[in-house]
Amino acid sequence: MTGLYPERVREKRAAFLAKAPCRVLAIETSCDETAAAVVEDGRTVLSSAVHTQIPIHRIYGGVVPEIASRNHVEMVGPVVDKALGDASLCLGDIDGIAVTAGPGLIGALLVGVSYAKGLAMALDLPLYGTNHLAGHIAANYLTYPDLEPPFTCLIASGGHSHIVRVVSYERFELLGQTRDDAAGEAFDKVARVLGLPYPGGPALETLAREGDPNAFRFRSAFNEGDGTDFSFSGIKTAVINLLHTAEQKGERVDRADVAASFQREICDILSRKAVRAAKRTGDGLALAGGVSANKALRLALTEECRRTGIPFFCPDPRYCTDNAAMIGSAGYYAMRAGRFSDLTLNASASLPLTEL
Ligand code: KG4
Ligand code: ZN
């Protein structure tokens, strides 16, 4: 059966390459959001449906992979139907299917990949297994219709923090990365020790608004160098030590001040390193990933880029955290470049961006 599909689909692949307008149905199930979208010509979002599992996982303080997979199984069909309905389209109007193939939670990814393969086989449609991080980068194409590679991009999500050069729609060169925690992971861990609910990043940002960002200095020597790699574990440990020491001494610490000072340090590091990388490449700088929803980070980068004369791009907040529209854009450009997956497509928990 696997062998038959590429043969039957050959005509539709050829049609896809020439089609205008060309509509991609995208599916994203890499973590705790079941999402589907219809994207036209890689740039125009006809619909973007997201079903979040946050209320389900909140009682556990984080994502429970098995529960996430089961919820994706329940929701993927209804969410795809909603995306088609919101775009006033039916499956017959779709020219190709893009699905997140990794990185992410393996059980969660497999739900989307299996569903997309089933649809592609039933409809003889071209299929592409998209890298989730390439999707986050492509969120910028949905916000800036004229933005084209090359540019430099800071990706800051829950599982990854990279600075890459987007050489073309599908080619990425690593310029810098975290040596330990991802930015979102650091936000989530510090939020947890501050007693904030899951997901920690947005809750910490809200608390930080009431605090003084200059109240504490959470420095880590690694980030002072002139490289483009960075590290967050020392900063996270400094916050934890401060809170523990205060608790042992019976001293009161203003949690909002801690949140604001921590957020400021993370924003300083990310904006300094990303702007340094962009200066070296001579490119504009884009922001991507869930942490790009953070207003303090957007502001820090806007100011640092203005100061240094670097054009700055950041996605519409709707497309910062996980969604399928960004996958539709990335998948469209991959398929237009003649890259298609067949029914041997598999999910990969650790799919690297630079191997694409
Ligand atoms: O990209 P994303 O939605 O999922 C992954 O691919 O990981 O990113 C989720 C991460 C979480 O760690 C979450 O706490 C963080 O992004 N995040 C934020 C904000 N919104 C989401 N971190 C700081 N401030 C925010 N406003
Ligand atoms: Zn993500």
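Are His-136 and Asp-322 buried or exposed? Both residues are buried, that is, under 20% relative accessible area with a 1.4 Å probe and protein chains only, where exposed is over 50% and partly exposed in between.

This is a predicted model, in which local features need pLDDT of at least 70, side-chain atom pairs count only at pLDDT 80 or more, and totals for chains, interfaces and linings use all residues. Residues are numbered from 1 along each chain as its sequence is written, and side-chain values use heavy atoms, without hydrogens and water.

The zinc ion (ligand 2) has as protein donors His-132 (NE2), His-136 (NE2) and Asp-322 (OD), at 2.0 to 2.1 Å. Donors are N, O and S atoms within 2.8 Å of the metal (3.2 Å for Na, K and Ca). Their spacing in sequence is H-x3-H-x185-D. His-136 belongs to helix α5 (residues 132-143), while Asp-322 sits in the loop between β10 (312-313) and α11 (325-336), so the pair, 186 residues apart, links distant parts of the chain. Helices (H or I, at least four residues) and strands (E, at least two) are DSSP runs, numbered from the N terminus.The two pockets compare by lining class as follows.

| Pocket | Nonpolar | Polar | Charged |
|---|---|---|---|
| Largest pocket | 17 residues | 16 residues | nine residues |
| Second largest pocket | seven residues | two residues | six residues |

A pocket is an open set of points on a 1 Å grid over the protein atoms alone, where a 1.4 Å probe fits, with protein on both sides within 12 Å along at least five of seven lines; lining residues have an atom within 4 Å of a point. The largest pocket holds about 1100 Å³ of space, and α6 (183-193) gives the most to its lining, with seven residues. The second largest pocket holds about 320 Å³.

Key. Chains lettered and ligands numbered in written order. Points joined across faces, edges and corners; volume = space filled by probe spheres on them. Nonpolar A, V, L, I, M, F, W, Y, C, P; charged D, E, K, R; others polar.
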